[in-house]
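Q: Please take a close look at one part of this model, the place where two helices pack against each other, and describe what surrounds it.

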Amino acid sequence: MTGSGAMGEARCRELLEVDAGAGLDEIRRAHTFLKGLYSGSGLPSMDEFGPAAQARVLAEVEAAYAELCGILDAPHPPPRPLPAPAREPDRILDGPALKRTREAAGVTLDRMAAETNVRLAYLEALEEERFRDLPSAAVIVRGYLTAYLAALGLGAGATVADYALRFQRWQGKA
């Protein structure tokens, strides 16, 4: 794609968090995930990432998606509808409880990685609460955990807030 305002393929892929070799299906999944994440309904309370910042990121995601569809010479399909609201877990889930819940649902970590577009190593670190192996930005950890829970059909609510608090305590920020 050419013209003013074009980001270029590499930047578009970076914004959508897909590899250089990712095909249109993976790009569509990433777009749907990020759109849900930044639409506001998928994020728990995020003081450091307010509505204006979410709207800016969402606009960048949409522009990157449209540009990549143009680069790949694919029609810009209408966005898929967001999934139905998830149910809240019966209790707050810590890392080991997340793992038990996932295993009880018969979902492998490889499948979770494919569903969430979160690296396997980060999913393992979430379940084992190895905070040192997670990204240092709490907003990213919250996003990963929200995606994890959504992939299991669970709401983020108290579980993400509690996990984020433990993560920030570990960082010495809470």
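A: In this predicted model, α7 passes α8 in a right-handed crossing. The two helices pack at an angle of about 145°, and their axes lie 10 Å apart. Helix α8 covers residues 157-171.

From α7, the contact is made by Ala138, Val141, Arg142, Leu145, Thr146 and Leu149. From α8, Thr159, Val160, Tyr163, Ala164, Phe167 and Gln168 take part. By type, the residues of this contact divide into eight nonpolar, three polar and one charged.

One residue on the α8 side can be followed further. Thr159 is found in helix α8, and Thr159 counts as buried because its relative accessibility is 1%, where buried means under 20%. Leaving aside residues up to four places away in sequence, Thr159 touches Leu145 and Leu149, both of which belong to the α7 side of the contact. Thr159 also touches Pro89, Arg91, Ile92 and Leu93.

Helix α7 has a part in a pocket as well. The second largest pocket has a volume of about 750 Å³. It is lined by 31 residues, and the closest to its centre are Glu14, Glu17, Leu34, Asn117 and Tyr144. The elements that give two or more residues to this lining are α1 (9-16), α2 (24-38), α3 (51-71), α5 (109-116) and α7 (138-151). The largest share, six residues, comes from α2. The lining residues divide into 19 nonpolar, three polar and nine charged.

Methods:
Residues numbered from 1 in each chain as written. Predicted model: local features only at pLDDT ≥ 70, side-chain atom pairs only at ≥ 80, totals over all residues. Heavy atoms only, no water. 1 Å grid on protein atoms, 1.4 Å probe; cavity = no way out; pocket = protein on both sides within 12 Å on 5 of 7 lines; lining within 4 Å. Points joined across faces, edges and corners; volume = space filled by probe spheres on them. Helix = DSSP H or I, 4+ residues; strand = E, 2+ residues; numbered from the N terminus. Nonpolar A, V, L, I, M, F, W, Y, C, P; charged D, E, K, R; others polar. Axes fitted to C-alpha atoms, helices over the stretch in contact; angles between N-to-C directions. Left-handed = near helix turned anticlockwise from the far one by under 90°. Contact = heavy atoms within 4.5 Å. Buried < 20%, exposed > 50% of the residue type's maximum accessible area, 1.4 Å probe, protein only.
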